[in-house]
Amino acid sequence: MNSVVEQYFKLNPESQRNVQLFLCEVALEVWEKLIPENFIYRESVAGTSQIFDVTLPRKALDSVDSIELMHQVYGCYREPIVALQDGDVEFSEKAEYAYYAIYNFFLSSLHRTSSDPWLIPSHVLSAVGIEEAERTLELAINSLNLK
């Protein structure tokens, strides 16, 4: 996989972002396959039952071209991120990697900043698993030629 990773790092920042977006679409597929539509968890501080918005990653990706929509979606992330960080919600490792890949891509889009260029790809490749990682990254890089 090293040569594919090298190809990725040779891309300019805009192309890397396009690869990251492609990879986040892959992460969304992983997320939607692994997480049930109705996911309820118990919030540890108050002990109340909460519904985890499993559609939030899709909403985040759908909003990345609109700053107004991103601000709306951003407010919806507060509770789920706290629940994940507090351990109130636990997902499989692959689902969690997919969730954080999309969240981090969303944040970098919202704040118009670039994060560690390998953060999002590494999360997505962990979400798809070692057996699919190289092929997935190669597909993402090759998608640049289709635009």
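**Figure 1. Glutamate E14 on an exposed part of helix α2.** With a relative accessible area of 60%, E14 counts as exposed, because a residue is called exposed when this value is over 50%. In this predicted model, E14 belongs to helix α2, which covers residues 13-34. Its distance from S92 can be given in two ways, since the two residues are 78 residues apart in sequence and 31 Å apart in space, taken from C-alpha to C-alpha.

**Figure 2. The whole chain, as a setting for the close-up views.** The protein contains 8 helices and 2 strands, and, read from the N terminus on, these elements follow one another as α-α-β-β-α-α-α-α-α-α. The radius of gyration of the protein is 16 Å, which is close to the 15 Å that the globule rule gives for 147 residues, so the protein is as compact as a globular protein of that length. Along its principal axes the C-alpha trace spans about 50 × 35 × 25 Å. Of the 147 residues, 44% count as buried, and among the contacts with a separation of 6 or more, 67% are made by residues that lie 24 or more positions apart.

**Figure 3. The aromatic pair of F52 and F91.** The model holds 15 aromatic pairs. One of them joins F52 and F91 in an edge-to-face arrangement, with 5.1 Å from centre to centre and 75° between the planes. F52 lies in strand β2 (residues 49-52), while F91 lies in the loop between α5 (78-86) and α6 (93-110), so this pair ties together parts that are 39 residues apart in sequence. Both F52 and F91 are buried.

**Figure 4. The aromatic pair of Y99 and Y100.** The ring centres of Y99 and Y100 are 6.2 Å apart and their planes stand at 85°, so this pair is edge-to-face. Y99 has a relative accessibility of 0% and therefore counts as buried. Y100 is buried as well, with a relative accessible area of 17%, because the limit for buried residues is under 20%.

**Figure 5. The cluster of linked aromatic rings.** Ring pairs join W31, F39, Y41, F52, Y77, F91, Y99, Y100, Y103 and F106 into a cluster. F52 and F91, which form the pair of Figure 3, are included in this cluster.

**Figure 6. The surface and the charged side chains.** The protein exposes about 8,300 Å², and carbon and sulfur atoms supply 50% of this area. There are 11 positive and 22 negative side chains in the protein, and the centres of these two sets lie 4 Å apart.

Conventions. Residues are numbered from 1 along each chain as its sequence is written. This is a predicted model: local features need pLDDT of at least 70, side-chain atom pairs count only at pLDDT 80 or more; totals for chains, interfaces and linings use all residues. Side-chain values use heavy atoms; hydrogens and water are left out. Rings of Phe, Tyr and Trp (its six-membered ring) pair if their centres lie within 6.5 Å; planes under 30 degrees apart count as stacked, over 60 as edge-to-face and the rest as tilted. Helices (H or I, at least four residues) and strands (E, at least two) are DSSP runs, numbered from the N terminus. Buried means under 20% relative accessible area, exposed over 50%, partly exposed in between (1.4 Å probe, protein chains only). The radius of gyration is taken over C-alpha atoms; the globule rule is 2.2 Å times the number of residues to the power 0.38. Contact means heavy atoms within 4.5 Å. Accessible areas come from the Shrake-Rupley method with a 1.4 Å probe; for residues, only the protein chains shown count as cover. Lys and Arg count as positive and Asp and Glu as negative; His and the chain ends are not counted. The place of a charge is taken as NZ of Lys, CZ of Arg, CG of Asp or CD of Glu.
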